[in-house]
Amino acid sequence: MNIVRSPRKRSRKMRLRRGFLLGFWVALAGVLIARAAEVQVVERVAWTEDALRQHQKSKVVPAPRGRILDRNGGELAVSHWRATVSVAPNEIGDRAQVEAALVENLGVRPATAMRVSESTRVWHVVPGRYSMTQVKGLQTLRGVYVEGELRRLYPREGLARGLLGIVQEGVGKEGIEQSMDSVLAGRAGREIVARDNSGREIPGQVVVMQAPVPGRDVVLTIDQDLQAIAEEMLATAIGSTGARGGDLVITDPTTGEILAMTSMADGAGPTLSAVNTTYEPGSTIKPFTTAALLRHGHASLNDSVDTGAGSWSVNGRRITDVDGSGGWMTLHEVVRRSSNVGIAMFAGLMTEGQQYTNLRDFGFGTPTGIPLPGEASGILRRPEHWSRLSSQSLAYGYELAVTPLQMAMAFGSLANGGLLMEPRLIREVRDDDGQPVRFGRPRAVRRAVPERVTTALRPVLVDVVESGTGTRARMSSFLVAGKSGTARATGAGGRYERGAYYASFGAYFPADDPQLLIFVNLDRPDGTYYGGATAAPVTRATLETLLSARQSPIDRGALARVQRRAESPPPSAPLVRFAVATAEPEAEVWPRAEDPVADRTDAMTIPVLDGASVRVAVRRLHKMGLRVLLEGAGTVRATEPRAGYAVAAGDTVRVLAAPGVPPPRSRRVEMPGRQGATGG
């Protein structure tokens, strides 16, 4: 049975279907229109930025770091922009043009230019690094990519590296690089670089949004030639004495300027121990104890004490002198002979407050304020924390801890008339045009002692060098004022180590009109460990090298006015090369655990060795505790110094030999400082 639908019903269903479809398409169109309106109106900014991010790249442009210069404008640290050049062969439009540009701008060989531009590979890197000038003509070539970086360079290689510090990821670490980082760093810039659909930068499509601001130059008070001399002298001393490390500080005592400062640790390279490592100063503190006695009128240099047999029992402790000479000594002789007993007796004339204030006035126990990171303040306890033994211990340099820099500045106050100067390391700061924008001026922290005190002390310190414990620093043409020191070194747990000492020497030159202050400290020298035998020669070697240098910070005209004019003993032996170590250590004098160490010197004369074989001569000199610098082989023709000249254990003797009697082949004589050297 067939059911026939009426036309009216079919028409109504069709209208419903068309209405539904029409409503669907209208709704869909509304959604699309609404979304389009949302994208183009509401989200327009976000989509625009997203598109820009796809086709543009914002890059930070590092600022050139400021230079570090020495006092004369010599470059110690500089920043150089270096670039790598890469080639994408499949992007090159004109291969011949690219090859010619590489040869002309970079100076590469034509064969290299052809190789990096051939289409066998997707990407080629041109060997080498290039300057901004070299790559400037390549930045507009399609297919050639230039990527630059700023590198920190130190033109004088390892010179003053402990002082300068380093730069890591654009940030200064240690030394001047860290302490002056905000000045040296400058301000980074920003640029927009266009990129293609593969995300690669399009050459020549760069817009600088903010140019980088270069860092400012920092001019130090350091003299790079004097710094090089100081480093060489200290390295030689450490090598020849077998010390674990050491420090050498050279200043202008009048202004407090640091002219050279170096610290070394055996096997660890440059450090800053002159600033951040403390030790007990030992006998180098005796001039400051004497200054307090003179300042407060408790004693004069002619006042005497009876040191007995060179030992003294006080408050349950026995203090001894190494030389054991004893007897009556004036205060002058106590300092010259470095008597622990004598200075301890004189110190008993002062009150604890006077003794403490005096040491504090010379800068001990407080930071010097030098612009370097990690400075140690040292240790100087207040009198209420002292024991019954403290007054005597402090008199000869125990129960306090100092840094070599503190000692240098304190000795500087003895040289300049009594003013404790702030150490000056930054001479000035310059902008990118080279104009000074900040100056560092000399600043006196305080008057440590009256000028009359330092005037009275000067001849005492001169006598220390002329005839006391510091004769190894004596010079034939000029007077040097100084004081040696030897102090026990502590190890694990703060206990004194047997056979471990610090040897130090502080001196100013010339004594009558000081221009330089030199302080040397050696950590645990092997064999002979006295400051007068190991540290004092470093001072003389440094001064001799400096005086012979073509350029130096010394006023030679002023030197001529203070040169020795009075009769003087024969000049000290002219050393060809500086070395301070004995082949066979002297018999050590072991003080009791509670006793300090004083200083001594031993003298001898060069024997007649002309005509002897090299083997015999070297053996004999080594047996005397001398170092040998051998030139030639065979028979000894001469020695420098010649026979009869006075020398001390640890000096270097130059042996000149010539063929004659063949040298024995059973033994090889090694030179000082070389691997396998004898002695030490």
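These are my notebook entries on a predicted model, taken in the order I looked things up.

**Entry 1: the whole chain**

I began with the overall counts. The protein has 21 helices and 29 strands. I then checked burial, and 48% of the 680 residues are buried. For contacts with a separation of 6 or more, I found that 71% join residues 24 or more positions apart.

**Entry 2: helix 17 and its partners**

Next I turned to helix 17, residues 451-467, and looked up how helix 11 and helix 16 lie against it.

I took helix 11, residues 286-295, to begin with; its axis comes within 10 Å of that of helix 17, and the two cross at roughly 135°. An angle of that kind falls outside the ranges for parallel, perpendicular and antiparallel, and the pair is therefore oblique. I noted the crossing as right-handed. On the helix 11 side, the residues in contact are P287, T290, A291, L294 and R295, and they meet R452, V453, A456, L457 and L461 of helix 17. Sorted by class, this contact has 7 nonpolar, 1 polar and 2 charged residues.

Then came helix 16, residues 404-415, whose axis comes within 9 Å of that of helix 17 and crosses it at roughly 105°. Angles from 65 to 115 degrees count as roughly perpendicular, so that is how I logged helix 16 and helix 17. S413, L414 and A415 of helix 16 meet T454, L457, R458 and L461 of helix 17. The classes here are 4 nonpolar, 2 polar and 1 charged.

I was pleased to spot L457 and L461 in both lists: they meet helix 11, and they also meet helix 16.

**Entry 3: helix 13 and S391**

How many residues of helix 13 are buried? I counted 7 of its 8, over residues 340-347, so I wrote the helix down as mostly covered. The buried ones are N340, V341, G342, I343, A344, F346 and A347. At the start of this helix, a side-chain oxygen of S339 reaches to within 2.9 Å of the backbone nitrogen of G342.

A347 led me on to S391, as A347 is one of the residues that S391 touches. Beyond its sequence neighbours up to four places away, S391 also touches Q355 and W386. With Q355 there is a polar contact of 2.8 Å between the two side chains. S391 sits in helix 15, residues 390-395. Its relative accessible area is 12%, which means it is buried, the cut-off being under 20%.

**Entry 4: R424 in its loop**

Is R424 buried or exposed? I had it down as a loop residue, lying between strand 18 (419-421) and strand 19 (426-430), and its relative accessibility of 14% makes it count as buried. Leaving out residues up to four places away, R424 touches T221, T255, G256, E257, I258, G440, R441 and P442. I followed up P442: it is 18 residues from R424 in sequence, and the C-alpha atoms are 6.7 Å apart.

**Entry 5: S504 in strand 23**

My last stop was S504, in strand 23, residues 496-509. With a relative accessible area of 1%, S504 is buried. I listed its contacts, again without residues up to four places away: Y279, P281, T284, K483, S484, G485, F519, V520, N521, G531 and A535.

Key: Residues are numbered from 1 along each chain as its sequence is written. This is a predicted model: local features need pLDDT of at least 70, side-chain atom pairs count only at pLDDT 80 or more; totals for chains, interfaces and linings use all residues. Side-chain values use heavy atoms; hydrogens and water are left out. Helices (H or I, at least four residues) and strands (E, at least two) are DSSP runs, numbered from the N terminus. Buried means under 20% relative accessible area, exposed over 50%, partly exposed in between (1.4 Å probe, protein chains only). A polar contact is a pair of N or O atoms within 3.5 Å; within protein, one must be able to donate a hydrogen and the other to accept it, and residues adjacent in sequence count only if both atoms are side-chain atoms. Contact means heavy atoms within 4.5 Å. Axes are lines fitted to C-alpha atoms, for helices over the stretch in contact, and angles run from 0 to 180 degrees between N-to-C directions. Angles under 35 degrees count as roughly parallel, over 145 as roughly antiparallel, 65 to 115 as roughly perpendicular and the rest as oblique. A crossing is left-handed if the near helix is turned anticlockwise from the far one by less than a right angle, and right-handed if clockwise. Ala, Val, Leu, Ile, Met, Phe, Trp, Tyr, Cys and Pro count as nonpolar, Asp, Glu, Lys and Arg as charged, and the others, Gly among them, as polar.
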